[in-house]
Amino acid sequence: MHIKTGDTVVIIAGKNRFTKDKKGNMVPTTGKVIKVYPKTNRVVVEGYNMIKKHQKPTQANQNGGIIEREAPIDASNVMLLDPKENKPVRVGIKINEDGKKIRVSKKSGYEFD
């Protein structure tokens with residue numbers, strides 16, 4: 001999987017793909033990856049794909065009620081954000097001298113790890 005927890009990603013597909021900036025222009029939605037599920041190829045992005053979940057009262061949450069939280073989306077619907085160019089990029093894998101794998105931007109050559 002090309003995405004790890006803590007990465008900044010751009011949403012390239014889905015219902016809220018674009019958001020409005022302060023001037024009212026439509027810009028691609030970006031967010032931070034909170035959790036990664038490699039077996040199902042899904043990621044949870046902070047503040048995106050919010051769902052309402054009905055929760056029964058428990059000892060931790062005495063009242064229960066309706067809670068809003070993020071739901072996972074498919075990893076193919078997000079791309080890593082290149083900090084050099086501030087654009088979404090494809091990622092390749094490069095092996096350094098130590099034999100360790102490093103994620104590299106295919107456009108600018110930026111190393112993510």
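A polar contact is a pair of N or O atoms within 3.5 Å; within protein, one atom must be able to donate a hydrogen and the other to accept it, and residues adjacent in sequence count only if both atoms are side-chain atoms. The model is predicted: local features need pLDDT of at least 70, side-chain atom pairs count only at pLDDT 80 or more, and totals for chains, interfaces and linings use all residues. Residues are numbered from 1 along each chain as its sequence is written, and side-chain values use heavy atoms, with hydrogens and water left out.

**Exercise 1. Describe the surroundings of Ser 105.**

Step 1. Place the residue: Ser 105 sits in strand 12, residues 101-105. Strands here are DSSP runs of E with at least two residues, numbered from the N terminus.

Step 2. Check its exposure. Ser 105 has a relative accessible area of 2%, so it is buried; buried means under 20%, exposed over 50%, and partly exposed in between (1.4 Å probe, protein chains only).

Step 3. Look for a polar partner: a polar atom of the Ser 105 side chain lies 3.3 Å from the backbone nitrogen of Lys 107.

Step 4. List contacts, meaning heavy atoms within 4.5 Å. Leaving aside neighbours within four places in sequence, Ser 105 touches Asp 82, Val 89, Arg 90, Tyr 110 and Phe 112.

**Exercise 2. Classify the ring pair of Tyr 110 and Phe 112.**

Step 1. Recall the rule: rings of Phe, Tyr and Trp (its six-membered ring) pair if their centres lie within 6.5 Å, and planes under 30 degrees apart count as stacked, over 60 as edge-to-face and the rest as tilted. The count by this rule is one aromatic pair.

Step 2. Apply it. The centres of the Tyr 110 and Phe 112 rings are 5.2 Å apart and the planes stand at 85°, so the pair is edge-to-face.

Step 3. Add exposure: Tyr 110 is partly exposed at 28%, whereas Phe 112 is buried at 18%.

**Exercise 3. Work out the strand order of the open sheet and see how Arg 42 fits in.**

Step 1. Read the order: six strands form the open sheet as 8-5-4-1-9-10, with antiparallel pairing. Two strands pair if DSSP finds at least two bridges between them.

Step 2. Find the edges. Strand 8 (73-74) and strand 10 (87-89) each pair on one side only.

Step 3. Zoom in: strand 4 (residues 30-37) and strand 5 (residues 42-45) are joined by four bridges, and Tyr 37 has Arg 42 as its bridge partner in strand 5.

Step 4. Follow the side chain of Arg 42 to its salt bridge with Asp 74, where the closest N and O atoms are 3.8 Å apart. A salt bridge puts a side-chain nitrogen of Lys or Arg within 4 Å of a carboxyl oxygen of Asp or Glu. This pair links strand 5 to strand 8 across 32 residues.

**Exercise 4. Compare the exposure of two other salt bridges, Asp 7 with Arg 103 and Lys 52 with Glu 68.**

Step 1. Note the total: there are four salt bridges.

Step 2. Take Asp 7 and Arg 103, which meet at 2.7 Å, N to O. Asp 7 lies in the segment before strand 1 and Arg 103 in strand 12, 96 residues apart. Both residues are buried.

Step 3. Take Lys 52 and Glu 68, with closest N and O atoms 4.0 Å apart. Lys 52 is in strand 6 (residues 50-55) and Glu 68 in strand 7 (residues 65-70), so the pair ties together parts 16 residues apart in sequence. Lys 52 counts as exposed at 59%, and Glu 68 as partly exposed at 47%.
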